[in-house]
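Good morning, colleagues. Please take a moment with the sequence and the structure before I begin.

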Amino acid sequence: MRGYLLVADSRLRRNVSAVIAVVAALSLATSACSNPSAESSADGIVLADGHQLGGFNPVAGYGPAGEAKMFDGLLRLSSGEGIPNLVPALAADDPTPNTDATEWTVTLREGVLFHDGSEFTARDVVATYDAILDPASASEARSSFEMIRTVEAVDDTTVRFVLDYPYAALPTKMLIGIVPSHTVAEPGLATESPLNTTPIGTGPYKLSRLSPHRAVLEANNDYWDGEPEVSSLTLLYVPDDNTRAQRMASGELDGTTLPPQLANTFANRDGMSVYSHSSADWRGVSMPSDHPVTGDAAIRLALNRATNRNVMVDNVLAGFGRPAHTPFPPDFGAFHNPDAVFNFDQAEARNILDDAGWIEESDGIRVRDGQRAEFTVMYNSVDTVRRDLAQAFASDALAIGVEVNLEALSWDRITPRIEQDAILLGGGDEPFDPDTQGYKTLHSQYLDSGVGSVFDNASRHANPSIDEALDVARRSIDEQERAEQYRAVQEAYIDDPSYVFLTFLDHTYVAKDSDWTMSGPILEPHSHGVTWGPWWSVQTWTRD
């Protein structure tokens with residue numbers, strides 16, 4: 001079974017230079033391993049994450065995949081292999097579409113209270129979605145809900161979603177948390193809403209204390225699905241990976257998220273386990289279409305052939321991951337095309353470039369019509385996994401005569417250059433339907449100014465065959481037809497790639513062993529951390 005518990009050391013090739021420094025740091029903390037955390041309680045847990053605390057507003061885009069502990073969506077995730085099932089939460093039953101899936105009716109659960117004591121009704125659902133769609137909110141989530149024309153309250157316990165086109169994947173848009181209508185009564189920027197620091201939801205936990213480096217969530221005694229047995233969650237903001245590892249080793253934490261090489265140093269420690277969860281979280285390199293090198297089809301095809309994805313998984317991810325050739329992971333079952341792969345063949349990659357007129361010069365770098373086969377790949381400077389993947393990609397490119405220069409930058413410096421230079425990107429924000437996994441990554445509508453996010457179709461590439469198949473699949477309500485179209489998308493992509501997808505990550509976590517009975521793993525999205533991993537459904541944990 002893929003990766004819920006630790007991966008055996010015999011499977012791993014380690015980056016020794018990186019790990020030695022970590023092990024030395026961890027050994028300093030070994031003597032303190034038995035010390036209980038000052039934050040912990042008998043029924044509470046303490047977790048450390050690398051993500052800043054705050055920004056807890058669903059209208060601004062918080063928790064779109066249903067991971068928010070303080071909120072409920074109309075639907076929620078259910079564990080299992082492959083794409084998770086979506087089951088009723090604030091909805092009383094499964095959403096009901098009309099015959100062409102342009103209208104969806106949802107019956108709401110009764111007797112649910114928000115944390116402030118107000119009663120949950122249809123008006124809160126309408127107000128939440130209206131706020132997300134309101135341009136005045138400037139919500140990062142808005143483009144993900146572009147298919148929704150209106151949300152209407154039929155009565156206090158029924159809402160109807162009216163769409164601009166048939167959309168079979170609409171249930172994925174019902175995972176985002178619902179807020180009380182009075183909290184969004186006045187239009188305004190979602191990032192400036194009090195909900196960011198004083199969230200009010202119906203979820204299993206309430207925020208009781210918040211500071212820049214610490215948030216305390218307490219169990220909601222009045223939760224509609226039963227009071228959680230884990231009485232509190234203390235979340236610590238610890239941005240440095242090595243510091244989190246040291247604090248984990250010292251016994252200060254009950255769990256944390258760590259990069260794969262670092263997580264694996266805990267594999268043989270008594271009283272701790274390493275967990276890995278499959279994800280649809282891909283890493284890949286954008287290939288800007290207007291660049292004289294990356295915009296060339298032969299360059300893109302050759303680089304895809306030259307990239308040794310298996311070595312990247314073994315060496316960079318320490319075995320915690322899988323090769324990625326398209327944005328659709330094998331977890332997608334019938335929606336995945338197993339034949340849509342780039343066989344690793346650097347000799348064939350060189351032949352592709354030879355045939356396209358890219359001639360190798362005396363320094364080993366190719367040139368065509370005076371243009372040197374050289375470009376820049378930017379990556380986020382604080383992300384060690386992206387750094388190591390970028391270095392591995394540059395090495396493979398150099399082997400076929402393409403020079404890749406690397407720049408480590410902050411996102412605010414990367415974003416303005418997205419159309420000029422390549423980026424080591426991540427994706428898979430909403431992986432619970434192939435539409436939400438692939439449409440924004442590949443469809444050419446995002447070449448138009450003002451459509452979607454700057455990172456949608458980051459390569460700025462257009463392929464009419466891919467567009468057509470994506471559109472047919474998006475609007476079809478027949479599962480077999482959808483699967484055929486998504487397999488066709490992947491087949492067309494292999495002939496005309498617009499990125500060099502590298503790997504799907506298995507997200508890695510370290511946790512103290514305990515007597516809690518946890519639920520199984522779930523396919524995780526791009527956003528990860530301690531809201532996911534073993535703790536994604538902490539509200540359901542029990543003790544014998």
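In which sense do strands E8 and E9 pair, and over how many bridges? Strand E8, residues 205-211, pairs with strand E9, residues 214-219, in the antiparallel sense, and six bridges hold the pairing. I should say at once that this is a predicted model. The two strands form a hairpin, with two residues between them. Within this pair, Ser 211 stands opposite Arg 214 of E9.

From E9 we can move on to strand E10. E9 and E10 are also antiparallel partners, here over five bridges. Two residue pairs illustrate the register: Ala 215 has Leu 235 of E10 as its bridge partner, and Glu 218 stands opposite Ser 232 of E10. Strand E1, residues 44-49, pairs with E10 as well, but in the parallel sense and over six bridges. There, the bridge partner of Ala 48 is Leu 236 in E10.

Is E10 enclosed or open to the surroundings? Six of the six residues of this strand, 232-237, are buried, so E10 is largely enclosed by the rest of the structure. The cover extends to both faces: Ser 232, Thr 234 and Leu 236 are buried on one side, and Leu 233, Leu 235 and Tyr 237 are buried on the other.

Let me turn to a second sheet. This is an open sheet of four strands in the order E4-E5-E7-E6, with antiparallel pairing. Strands E4 (96-97) and E6 stand at its edges and have a single partner strand each, so one side of each lacks a neighbour in the sheet. E6 is joined to strand E7, residues 158-163, by six bridges, and the two run antiparallel. One of the pairs in this ladder sets Ala 153 against its bridge partner Val 159 in E7.

Strand E6 covers residues 148-155, and Asp 155 lies in it. Asp 155 counts as partly exposed because its relative accessibility is 38%. Together with Glu 110, Glu 119 and Asp 156, Asp 155 forms a negative surface patch.

I come now to charge pairing. Side chains of opposite charge can pair when their charged atoms come close. In this model the count comes to 30 salt bridges. I shall discuss three of them.

The pair formed by Asp 225 and Arg 76 has its closest N and O atoms 3.1 Å apart. Asp 225 lies in the loop between E9 and E10, whereas Arg 76 belongs to strand E2, residues 75-78, so this salt bridge ties together parts that are 149 residues apart in sequence. Asp 225, at 43% relative accessibility, counts as partly exposed, and Arg 76, at 28%, counts as partly exposed too.

In the salt bridge between Arg 386 and Asp 383, the closest N and O atoms are 3.0 Å apart. Arg 386 is buried, with a relative accessible area of 6%.

The last pair is Glu 479 with Arg 482, whose side chains meet at 3.5 Å, N to O. Why are these two residues about one helical turn apart? They are separated in this way because they lie three residues apart in helix H12, residues 479-495. Glu 479 is partly exposed at 46% relative accessibility, whereas Arg 482 is buried, with a relative accessible area of 1%. Elsewhere, salt bridges that share partners join Asp 363, Arg 372, Glu 374 and Glu 403 into one network.

Thank you for your attention.

Note on methods: Residues are numbered from 1 along each chain as its sequence is written. This is a predicted model: local features need pLDDT of at least 70, side-chain atom pairs count only at pLDDT 80 or more; totals for chains, interfaces and linings use all residues. Side-chain values use heavy atoms; hydrogens and water are left out. Patches are made of residues with over 30% relative accessible area and no salt bridge: like charges are joined within 9 Å, nonpolar side chains (Val, Leu, Ile, Met, Phe, Trp, Tyr) within 5 Å. Accessible areas come from the Shrake-Rupley method with a 1.4 Å probe; for residues, only the protein chains shown count as cover. A salt bridge is a side-chain nitrogen of Lys or Arg within 4 Å of a carboxyl oxygen of Asp or Glu. Lys and Arg count as positive and Asp and Glu as negative; His and the chain ends are not counted. The place of a charge is taken as NZ of Lys, CZ of Arg, CG of Asp or CD of Glu. Buried means under 20% relative accessible area, exposed over 50%, partly exposed in between (1.4 Å probe, protein chains only). Two strands pair if DSSP finds at least two bridges between them.
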